[in-house]
Amino acid sequence: MAKAVDAFRTISEVADELNVPKHVLRFWEGKFPQLRPMKRGGGRRLYRPEDVDLLTGIRHLLYEEGYTIKGVQKVMREQGLDWVKGQTSRSAAPAGERKSNAISTLRKRGGGATQVLSAEQRRELQTVLTELESLKRLLGTVAG
């Protein structure tokens, strides 16, 4: 039987839902004081739906958008928690499309600002990526 949408979640349930280890959630609690799950006897954590929304936004910004911890902290200060909560994985794009998006957009670490690359810069990055992939294959054959 599935839990209600507004039910509290254990750390295991949240970790499974976000596909991150439990220790990462505990680490994020130390880095983002806005995350304050209820703690029951023995230190057992219970996450409110708002906590899960915030964690989902943080995970998206860190893992999918390429922000650093400091970058997400800055965004939380400047844009607010509701903005971060709204930052969820909106598209389950195929890996090839995500790779293409990553090449076309360069994320400045720490500040969260985006700089769009020119067509020439994208071609150069694609060339470097292709060379690195072939070197990786070559190393695999030599080592293996």
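**Helices 2, 3 and 4 in a predicted model**

Let me begin just after helix 4, where G80 takes a positive phi of about 95°; helices here are DSSP runs of H or I with at least four residues, strands are runs of E with at least two, and both are numbered from the N terminus. This is a predicted model, in which local features need pLDDT of at least 70 and side-chain atom pairs count only at pLDDT 80 or more, while totals for chains, interfaces and linings use all residues. Residues are numbered from 1 along each chain as its sequence is written, and side-chain values use heavy atoms, with hydrogens and water left out.

Staying with helix 4, residues 69-79, its buried residues (under 20% relative accessible area, with a 1.4 Å probe and protein chains only) are G71, V72, V75 and M76. They cover an arc of only 140° around the axis, taken from the directions from the helix axis to the C-beta atoms, which puts them on the same side of helix 4. These buried residues pack against helix 3 and helix 5, whereas the face turned away from them carries K70, R77 and E78, which are exposed, meaning over 50%.

Turning to helix 2, residues 22-31, its axis comes within 12 Å of that of helix 3, residues 49-64, and the two cross at roughly 95°, the axes being lines fitted to C-alpha atoms over the stretch in contact, with angles running from 0 to 180 degrees between N-to-C directions. That makes helix 2 roughly perpendicular to helix 3, a term covering 65 to 115 degrees. The contact, meaning heavy atoms within 4.5 Å, involves V24, L25 and W28 of helix 2 with L55, I58, R59, L62 and Y63 of helix 3.

Note on methods
Angles under 35 degrees count as roughly parallel, over 145 as roughly antiparallel, 65 to 115 as roughly perpendicular and the rest as oblique.
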